[in-house]
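Here are my comments on the model you sent round. Please read them with the coordinates open.

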Amino acid sequence: KNIFNTIPGEKVLNPEFGLNLAQWLFEPVTEFRAKEIGEAIFNGVTKYEPRVNMKSVTVIADAENSQYQIKLAITIPQLNISKELPAILNAPGFDFLTDS
């Protein structure tokens, strides 16, 4: 969660760490931006979390609700875990969706 909610430059000892997902929050919601967000997430997680293997990132533009629906498919080899993580990017920011 830290990778997604940290803007590069915020961590003094690691100034490149993080994704600047906020850059897309006040732009029109489009499929093109959804693709950009997906690529940024895939590259960022791959770079900053070596314990996780990214299988895929799916980002769906939901213009009606001014948000992006995100699904991360990951594996954590050391723990023998394979999981899909739903998330959302909207005006309040990025957050993983959890079951109630």
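The points below go from the whole chain to its core and then to two loop residues.

1. Status and fold. This is a predicted model, and what follows should be read with that in mind. The protein chain contains two helices and four strands, and these are arranged, starting from the N terminus, in the order α-α-β-β-β-β, with both helices preceding the strands.

2. Overall dimensions. The C-alpha trace of the protein chain spans about 40 × 35 × 25 Å when taken along its principal axes. The radius of gyration is 14 Å, and because a compact globule of 100 residues would have a value near 13 Å, the protein chain agrees with that expectation.

3. Burial and contacts. Of the 100 residues in the protein chain, 39% count as buried. If one takes the contacts between residues at least 6 apart in sequence, 33% of them join residues that are at least 24 apart.

4. Surface and charge. The protein chain exposes about 6,600 Å², of which carbon and sulfur atoms supply 52%. Its side chains include 9 positive and 12 negative ones, and the centres of these two sets lie 8 Å apart.

5. The nonpolar core. In soluble globular proteins, nonpolar side chains tend to be buried together. Here the largest nonpolar core has 26 residues, and those with the most contacts inside it are Leu21, Ile37, Ile41 and Ile70. The elements that each give two or more residues to this core are α1 (2-5), α2 (31-48), β1 (53-62), β2 (67-76) and β3 (81-90).

6. Leu21 within that core. Which residues does leucine 21 touch, once residues up to four places away in sequence are not counted? They are Phe4, Ile37, Ile41, Leu89 and Phe94; of these, Ile37 and Ile41 are themselves listed, with Leu21, among the core residues with the most contacts.

7. Backbone at Ser66. Most residues other than glycine have a negative phi. Serine 66, which lies in the loop between β1 and β2, has instead a positive phi, near 50°, and I would ask readers to look at this residue in the model.

8. Backbone at Asn80. Asparagine 80, found in the loop between β2 and β3, likewise has a positive phi, with a value near 55°. Is this residue buried or exposed? Its relative accessibility is 72%, and since the cut-off for an exposed residue is over 50%, asparagine 80 counts as exposed.

Terms used. Residues numbered from 1 in each chain as written. Predicted model: local features only at pLDDT ≥ 70, side-chain atom pairs only at ≥ 80, totals over all residues. Heavy atoms only, no water. Rg over C-alpha atoms; globule rule 2.2 N^0.38 Å. Buried < 20%, exposed > 50% of the residue type's maximum accessible area, 1.4 Å probe, protein only. Contact = heavy atoms within 4.5 Å. Areas by Shrake-Rupley, 256 points an atom, 1.4 Å probe, with all protein chains shown as cover. Lys, Arg positive; Asp, Glu negative; His and termini not counted. Charge placed at Lys NZ, Arg CZ, Asp CG, Glu CD. Core = buried A, V, L, I, M, F, W, Y, C linked by side-chain atoms within 4.5 Å.
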